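Q: I am new to this structure. Please take a close look at one part of it, the contact between the two chains, and set it in context.

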Number of protein chains: 2
Amino acid sequence: MLRLYDFVTSGNAWKVRLTLSHLDMPYERVEIDRTTTHTQSPDYRAINPLGLVPALRLEDGRILHDSSAIAFYLSEGTHLLPEDGYGRAQVVQWLIFEQRYVCETVGMARYIVKTLAEAEARAAELAEVQRQGYEALDQLERHLEGRTFLVGESCTIADICNFVYVAMADQGAMDLTPYPALRAWVARLEALPGHVAMEAVPKPVLRLP
Amino acid sequence: MLRLYDFVTSGNAWKVRLTLSHLDMPYERVEIDRTTTHTQSPDYRAINPLGLVPALRLEDGRILHDSSAIAFYLSEGTHLLPEDGYGRAQVVQWLIFEQRYVCETVGMARYIVKTLAEAEARAAELAEVQRQGYEALDQLERHLEGRTFLVGESCTIADICNFVYVAMADQGAMDLTPYPALRAWVARLEALPGHVAMEAVPKPVLRLP
């Protein structure tokens with residue numbers, strides 16, 4: 001069975017759980033507490049040398065890490081990845097956009113405000129990542145005006161991966177009110193049959209020591 | 001014919017020129033001077049809303065932007081992308097690694113030192129991106145110890161895309177001396193038949209007004 005090295009409040013891990021749920025793929029979870037030193041332990045470094053969650057162990061024991069790469073692997077040949085090469089390349093482009101412009105800004109704001117609870121101590125840094133985050137949201141809003149999904153006419157992993165930190169923007173004290181197209185897209189994704197809430201995780205089969 | 005919106009000293013554009021050369025694909029160039037306001041002009045924003053080079057216009061007029069997404073598009077079905085899904089997902093993982101950890105650090109150091117010539121004025125920022133850049137080089141070095149290429153046994157777009165800013169690390173006042181595996185890998189890529197120097201560009205068919 002697929003084994004997901006997971007952490008319930010990690011947005012990157014949620015991307016993989018969403019992809020697995022949309023594809024109705026069974027998996028077992030190993031809970032890695034990112035707030036402790038678990039991810040830096042030699043045991044976990046042997047699984048992901050970058051010391052980050054998530055990672056996925058395939059049934060033959062091979063490991064993949066990076067949420068977008070895992071989503072790409074799981075989605076090939078399914079409805080979550082376009083059949084045509086142009087569509088697939090557009091998905092890759094939005095996966096990279098998310099990692100470079102959304103995760104590092106909107107995701108970082110959430111990390112400072114919610115995970116670390118250091119909004120006051122790191123006010124200047126927070127303001128800067130929020131400013132950059134709004135630039136990324138501007139791009140997404142412009143692209144989604146008149147579109148249903150980021151690429152093509154149905155939900156792909158480009159939507160799933162960009163959705164996560166946008167949907168939690170309020171946890172980084174960011175406001176989606178000026179973004180009607182983005183808000184409609186978030187609601188559209190949350191209404192899909194395969195959607196699962198961040199907290200709706202299967203019981204872990206084990207916790208990393 | 002494929003049309004590349006290009007800028008000769010852009011590392012990201014070089015990735016695409018390298019990919020095209022390795023695949024022996026003909027293309028025409030439009031030279032976009034990133035140091036002026038060309039990339040912010042309405043004409044160019046219509047091609048790439050992010051206002052960045054490179055962008056690629058396909059023969060049917062459709063546009064792709066983001067160097068890694070373009071490389072992915074061009075390489076599907078060729079020797080530059082593995083045939084198996086696990087290999088392709090590993091390539092995606094290294095494309096994202098490059099955009100997130102190499103381009104933003106080693107590439108940014110080059111931008112500050114060489115492109116802007118602001119190494120002294122922005123010394124603290126430069127030191128920080130160099131520090132983060134060395135962390136990325138550490139990861140690459142560890143991965144390449146005992147390996148010939150990043151994924152599998154032959155050159156893929158993961159190598160081409162990670163190569164560019166590593167090969168120019170000295171232009172950001174970064175030193176590859178402590179990285180023997182990386183230096184051997186750079187030399188290995190430069191010796192491949194499809195390799196082209198950054199400056200070896202075809203004459204542009206037009207310059208954007």
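A: What follows goes from the single chain to the contact and then to the core.

This is a predicted model: local features need pLDDT of at least 70, side-chain atom pairs count only at pLDDT 80 or more, and totals for chains, interfaces and linings use all residues. Residues are numbered from 1 along each chain as its sequence is written, while chains are lettered from A and ligands numbered from 1 in the order in which they are written.

Start with chain A. It has eight helices and five strands; these are DSSP runs, numbered from the N terminus, with helices (H or I) of at least four residues and strands (E) of at least two. Their order along the sequence is β-α-β-α-β-β-α-α-α-α-α-α-β. The C-alpha trace of chain A spans about 45 × 45 × 25 Å along its principal axes. Of its 209 residues, 46% are buried. Buried means that 20 or more other C-beta atoms, placed from the backbone, lie within 10 Å of the residue's own; exposed means 12 or fewer, and partly exposed lies in between.

Now the pair. A rotation of 180 degrees, with 0.0 Å of shift along its axis, superposes chain B on chain A with an RMSD of 0.0 Å. That is the relation of a two-fold axis. The superposition is by least squares on the C-alpha atoms of residues with pLDDT of at least 70 in both copies. The same surface serves both copies: 100% of the contact residues of chain B recur in chain A.

The contact takes 22 residues from chain B and 23 from chain A. Two residues are in contact if their C-beta atoms, placed from the backbone, lie within 7 Å. On the chain B side, strand 4 (63-65), helix 3 (67-75), helix 4 and helix 6 (123-144) each give two or more residues. Helix 4 of chain B gives the largest share, nine residues. The chain B side divides into 11 nonpolar, six polar and five charged residues. Here Ala, Val, Leu, Ile, Met, Phe, Trp, Tyr, Cys and Pro count as nonpolar, Asp, Glu, Lys and Arg as charged, and the others, Gly among them, as polar.

Look closer at helix 4 of chain B, residues 85-102. Of its 18 residues, 14 are buried, so this helix is mostly covered.

Last, the core. B:Val166 touches B:Val102, B:Val106, B:Leu140, B:Leu182 and B:Val186, not counting residues up to four places away in sequence.

Technical notes
The expected span of a helix is 1.5 Å times one less than its number of residues.
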